[in-house]
Amino acid sequence: FADVPQITDKMAFVGHDGRHFVLRPKASNRRLAVVNVTVANRTSTIVPVIVDGEAVRLGDRRGDRIKALDPFAQAVAVDIADPEEGKYKPFLWGDLKIPRFFQANGWVVFDVPRGLKLGSLFWDEVDTITVDYSTYFLE
């Protein structure tokens with residue numbers, strides 16, 4: 001399950017080491033798109049799931065697809081907590097192993113150009129999973 005993308009200019013969070021971090025788009029003509037994703041395992045003993053830029057993409061079926069962004073590698077440490085710190089937590093990133101009858105939930109982040117049509121979330125692993133949204137445009 002994947003919610004409709006939310007658009008933001010920044011994300012703030014507390015790292016595992018207790019430090020404060022802010023993640024921003026790489027240019028002024030870009031925005032962050034964040035998608036709340038839930039991956040459930042109802043049948044297999046364990047389901048291995050990879051959440052990275054090669055596996056998860058956001059865009060449209062015409063071919064404009066943006067890779068997921070590693071929020072931990074791209075964020076910048078800051079001295080003071082941001083008022084919106086923790087709004088998008090937890091992040092869903094890395095290699096996961098989901099036991100039967102359990103699920104993983106979190107936010108996947110994308111650095112997208114303004115004006116890109118966000119119509120689908122693509123997850124390419126053993127099988128390709130596509131979640132289509134109604135037509136959605138960036139502001």
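In the predicted model, the lining of the largest pocket draws at least two residues from each of four strands, namely β4 (30–41), β5 (46–51), β11 (120–124) and β12 (128–132). Of these contributions, that of β4 is the greatest, amounting to 5 residues. The volume of this largest pocket is about 420 Å³. Its lining comprises 17 residues, of which V39, V49, W123, E125 and I129 are the closest to the centre of the pocket. When the lining of the largest pocket is divided by class, 13 residues are nonpolar, 2 are polar and 2 are charged.

Three of the strands that supply this lining, β4, β11 and β12, also belong to an open sheet of 7 strands. The order of the strands in that sheet is β1-β4-β10-β7-β6-β11-β12, and the pairing is antiparallel. The edges are occupied by β1 (6–8) and β12; each has a single partner strand, so one side of each remains without a neighbour in the sheet. On average, and with direction ignored, neighbouring strands of the 7-stranded sheet are turned by 30° against each other. Within the sheet, β4 and β10 (residues 102–113) run antiparallel and are joined by 12 bridges. In this pairing, N41 has F102 of β10 as its bridge partner.

Immediately before F102 in the numbering stands F101, a residue placed in the loop between β9 and β10. The backbone of F101 adopts a positive phi of about 70°, although the residue is not a glycine. The relative accessible area of F101 is 66%, and the residue is therefore classed as exposed, the cut-off for this class being over 50%.

A second open sheet contains 3 strands in the order β2-β3-β8, again with antiparallel pairing. Its edge strands are β2 and β8, each of which pairs on one side only. Neighbouring strands of the 3-stranded sheet are turned by 35° against each other on average, with direction ignored. The antiparallel strands β2 and β3 (residues 20–23) are joined by 4 bridges, and M11 stands opposite L23 of β3.

Aromatic contacts were examined next. Across the whole structure, 5 aromatic pairs are found. In one of them, the ring centres of F13 and F91 are 4.9 Å apart and the ring planes meet at 85°, so the arrangement is edge-to-face; the criterion for this class is an angle over 60 degrees. Because F13 belongs to strand β2 (residues 11–14) and F91 to the loop between β8 (76–78) and β9 (94–99), the pair ties together parts that are 78 residues apart in sequence. Both F13 and F91 are buried. A further edge-to-face pair is formed by F72 and F91, with 5.5 Å from centre to centre and 90° between the planes. This pair likewise links distant parts of the chain, since F72 lies in helix α1 (residues 71–74) and F91 in the loop between β8 and β9, 19 residues apart.

The two partners of the latter pair fall into separate accessibility classes. The relative accessible area of F72 is 40%, so this residue is partly exposed. For F91 the relative accessibility is 14%, and the residue therefore counts as buried, given a cut-off of under 20%. Ring pairs also bring F21 into the arrangement, and F13, F21, F72 and F91 are thereby linked into a cluster.

Several residues of this aromatic cluster recur in the second largest pocket. The pocket encloses about 180 Å³ of space, and F13, F72 and F91 are among the residues that line it. The remainder of the lining is made up of V14, G15, H16, E85, G86, Y88, K89 and P90. By class, the lining of the second largest pocket divides into 6 nonpolar, 3 polar and 2 charged residues.

Two consecutive members of that lining, K89 and P90, are joined by a cis peptide bond with an omega of about -5°. P90 is located in the loop between β8 and β9, the loop in which F91 is also found.

Notes: Residues numbered from 1 in each chain as written. Predicted model: local features only at pLDDT ≥ 70, side-chain atom pairs only at ≥ 80, totals over all residues. Heavy atoms only, no water. 1 Å grid on protein atoms, 1.4 Å probe; cavity = no way out; pocket = protein on both sides within 12 Å on 5 of 7 lines; lining within 4 Å. Points joined across faces, edges and corners; volume = space filled by probe spheres on them. Nonpolar A, V, L, I, M, F, W, Y, C, P; charged D, E, K, R; others polar. Pairing = 2+ DSSP bridges. Axes fitted to C-alpha atoms, helices over the stretch in contact; angles between N-to-C directions. Phe/Tyr/Trp six-rings, centres within 6.5 Å; stacked < 30°, edge-to-face > 60°. Buried < 20%, exposed > 50% of the residue type's maximum accessible area, 1.4 Å probe, protein only.
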